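Student: I am new to this structure and would like a close look at a single part. Please take one helix, explain each term as it comes up, and then go on to what lies around it.

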Amino acid sequence: MTEARGQFSSKLGFILAAAGSAVGLGNVVAFPVMASKNGGAAFLIIYLFFIAFICYPVMMAEIAMGRQTNRNPVGAFSQLSNGHRGWRLAGALAIVTPFMIAVFYTVITVWLVVYIKEIAIGRLDVLSNQSTFGEVVARPSLFGYLFGLLCLIFLILLGGVKGGIERLARILMPTLALMLVSLTLFVLTLDNAIAGIRYYLVPDFSRMNLSVINGALSQAFFSLSLGMGILVTYGSYFNRQDNIPQSTRMVAVADTSIAFFAGLLILPAIFAFDPNTNTDDLSTSSVGLIFSFLPQIFLSMQTAVGYAGASVVAVLFFSLVFFAALTSLVSIIEIPISCWIDELKLTRKKAVLLQAVLLTIFAIPAIMSLGISDFFTTFTSYGGVTKSFFDLVSDVFYETILPFVGFTVCIFCSYRWKLKGLSSELSTGDPKYLGSWLEKYINFSLGTVIPFVLLLVFVSTVFQIYVP
Ligand code: PHE
């Protein structure tokens, strides 16, 4: 007997799950720092422009591909390609990408768990020491945490689309929003918080240059979970009678609002710590910031709320980041699982088991890449720098490939599936779509400006990372 294919219970279920995927480390850490380093509100304006005019159409195209075919990315590309087998490669890329992103995102999430535990047992002061991060990531005990985290994730995924993914998002997304608002209100009461707000919100257009613009688009694309096959798969779980353009808008608004609010939390906290902070010195890497810098900021709050109070705030913050990471991680691991279910005709149970084994095999070298094993720590070198296995996976799949996958989606929808098919899918559940300005804009831009811009971003990133 074949199992019924998973489906979200409602439009809200889809919106929460997609927002759960979109809200991740990119929102709560990378965005605030990027914005403040690159001109505050000026950066925000460009970011919003990219979300509306580039990312929103690509998001809808991905969701429409999934819903039209009821399949994972490999199945969706092959079904809509009308026998042109070359397009299967694009489908394969849209599976390998989330598979590999899951590998290193899992490792970062393991570190988060260790940090939460360490703070909870009273060791915030140790963590705020610069050298502690290097020591934590080289601990052999990480394997135990990795195993625990993987068990939790795969148990959730065994619950299926409604009982696992959607239920998790229904619980964690409102919790996350509440924690974010409460922590922000608390931080705003600290001395000098206002300096952080000023830094964040006063526009400074003099900082704009090509690399900032490139960074804003990459960040927007990444933050909405585009180019990872996630929205194709989630689209395949979306009811036919529901409205894609409207639901997509809500996901984009939720994701962007959380990123914006995270800025109102992080920057005032940083400026309360040191009113003379020079944001140019802040690391844009989420990892460096979360694990090396933020513990110091929380520790400094002890003058206002005592050591125990500062530890509580830190635990709350790290739990918030953990929840954001967990919902993203679950969403991305679902992509290969949906592929095993559709293409290999496995039951969900067997597909989950297969993916658990595969992910573990790749996560082990990734977790050994920061000191546990010399071989994986100095795995390769390019762009003039020695790179670990973890760096390699992160550079190729996280930093570089997403705009390229987005490019293939645009070209595919415009010239292979054809705009007529796309329009007809987008108007299912939204009869006003046909003939609207939105339809005109998408039909014009999806095969022209948008893929062109995405290709430019891809090429410039390749030069930045791989050419010495
Ligand atoms: N949108 C996520 C973020 O901002 C990106 C992501 C999604 C990463 C799913 C991993 C898995 O962090």
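## A helix and its surroundings

Tutor: The axes of H5 and H8 cross at roughly 110° and come within 9 Å of each other. This is a predicted model, in which local features need pLDDT of at least 70 and side-chain atom pairs count only at pLDDT 80 or more, while totals for chains, interfaces and linings use all residues. Residues are numbered from 1 along each chain as its sequence is written, and side-chain values use heavy atoms, with hydrogens and water left out.

An axis is a line fitted to C-alpha atoms, for helices over the stretch in contact, and angles run from 0 to 180 degrees between N-to-C directions. Helices are DSSP runs (H or I, at least four residues), numbered from the N terminus. H5 and H8 are therefore roughly perpendicular to each other; the classes are roughly parallel under 35 degrees, roughly antiparallel over 145, roughly perpendicular from 65 to 115, and oblique for the rest.

In contact (heavy atoms within 4.5 Å), the H5 side supplies Thr 106, Thr 109, Val 110, Trp 111, Val 113, Val 114 and Lys 117. They meet Leu 142, Tyr 145, Leu 146, Leu 149 and Leu 150 in H8. By class, this contact has 9 nonpolar, 2 polar and 1 charged residues. Here Ala, Val, Leu, Ile, Met, Phe, Trp, Tyr, Cys and Pro count as nonpolar, Asp, Glu, Lys and Arg as charged, and the others, Gly among them, as polar.

H8 itself covers residues 142-158, and its 17 residues should span 24 Å at 1.5 Å a residue, which agrees with the 24 Å between its end C-alpha atoms. The expected span is 1.5 Å times one less than the number of residues.

The buried residues of H8 are Leu 142, Leu 146, Leu 149, Leu 150, Ile 153, Phe 154, Ile 156 and Leu 157. Buried means under 20% relative accessible area, exposed over 50%, and partly exposed in between (1.4 Å probe, protein chains only). The buried residues cover an arc of only 150° around the axis, which puts them on the same side of H8; the arc is that of the directions from the helix axis to the C-beta atoms. An α-helix has 3.6 residues a turn, so residues three or four places apart point the same way. On the other side of H8, Phe 147 and Leu 155 are exposed.

The cover over the buried residues of H8 includes H5 (87-120), H7 (132-136), H9 (160-188), H15 (302-343) and H16 (348-367). After H8 comes Gly 160, which has a positive phi, near 85°.

Two asparagines elsewhere also have a positive phi. For Asn 192, phi is about 70° although the residue is not a glycine. Asn 192 sits in the loop between H9 and H10 (193-201) and counts as partly exposed at 35% relative accessibility. Asn 70 has a phi near 60°, lies in the loop between H3 (41-69) and H4 (73-80), and is partly exposed, with a relative accessible area of 41%. Most residues other than glycine have a negative phi.

H4, after that loop, is mostly covered, with 7 of its 8 residues buried. Among the elements covering its buried residues are H5 and H15, both of which also help cover the buried residues of H8.
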